[in-house]
Amino acid sequence: MSNIRIVFIITGVVFLILTHIGDTYYRDWVYTNQIADFGLVNYLPSITGTITAIFLLIGLSKESFTKAPASAFWVMVGCVMYEVMQPTLGTGVFDWQDLVAVVITGCIVVFTLKKSNNGYKRNITRK
């Protein structure tokens, strides 16, 4: 397994843990103490969950790292579809903030992967 794949898997696992902490402990703490966090408590799991899905799925896939931005885009599309279908699936309610959080987070990750991928391609061609 390549080093980049290991980094992706570790990043995905870290964000999986952060998603769990944010969805359970942080949410309960904010609501119990009536803390105004500008609504972060409501869409934090959408942010960290999107990052989790992207990094774990790319890390576990057999695709080359050069295809990571396109893969991240399609994982983001899957996360958007999940957010829209939550009421039908019985896993939650539809919330525009969650949908916007998924799209913005996904776009940031795709952009970051494209930029890092360009550097990765330049390093490969120099060798």
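## The nonpolar core

In this predicted model, the largest nonpolar core (buried Ala, Val, Leu, Ile, Met, Phe, Trp, Tyr and Cys residues joined through side-chain atoms within 4.5 Å; buried means under 20% relative accessible area with a 1.4 Å probe, protein chains only) has 15 residues. Those touching the most other members are Phe 8, Ile 54, Phe 55, Ile 58, Ala 72, Val 109 and Leu 113. H2, H3 and H4 each give two or more residues to this core, and H3 gives the most, with 5. Helices here are DSSP runs of H or I, at least four residues, numbered from the N terminus.

Let's look at one member. Leaving out residues up to four places away in sequence, Ile 58 touches Arg 5, Phe 8, Ala 68, Ser 71, Ala 72 and Leu 113 (heavy atoms within 4.5 Å).

## The cavity

Ile 58 and Phe 8 also help line the largest cavity, with about 80 Å³ of space. A cavity is a set of points on a 1 Å grid over the protein atoms alone where a 1.4 Å probe fits but cannot get out, and lining residues have an atom within 4 Å of a point. H1 gives the most to this lining, with 3 residues.

## The pocket

The largest pocket (an open set with protein on both sides within 12 Å along at least five of seven lines) holds about 410 Å³. Of its 18 lining residues, Pro 45, Ser 46, Tyr 82, Glu 83 and Gln 86 lie nearest the centre. H2 gives the most to this lining, with 5 residues.

## Notes on the model

Residues are numbered from 1 along each chain as its sequence is written. Local features of this predicted model need pLDDT of at least 70, side-chain atom pairs count only at pLDDT 80 or more, and totals for chains, interfaces and linings use all residues, while side-chain values use heavy atoms, with hydrogens and water left out.

Terms used: Points joined across faces, edges and corners; volume = space filled by probe spheres on them. Buried < 20%, exposed > 50% of the residue type's maximum accessible area, 1.4 Å probe, protein only.
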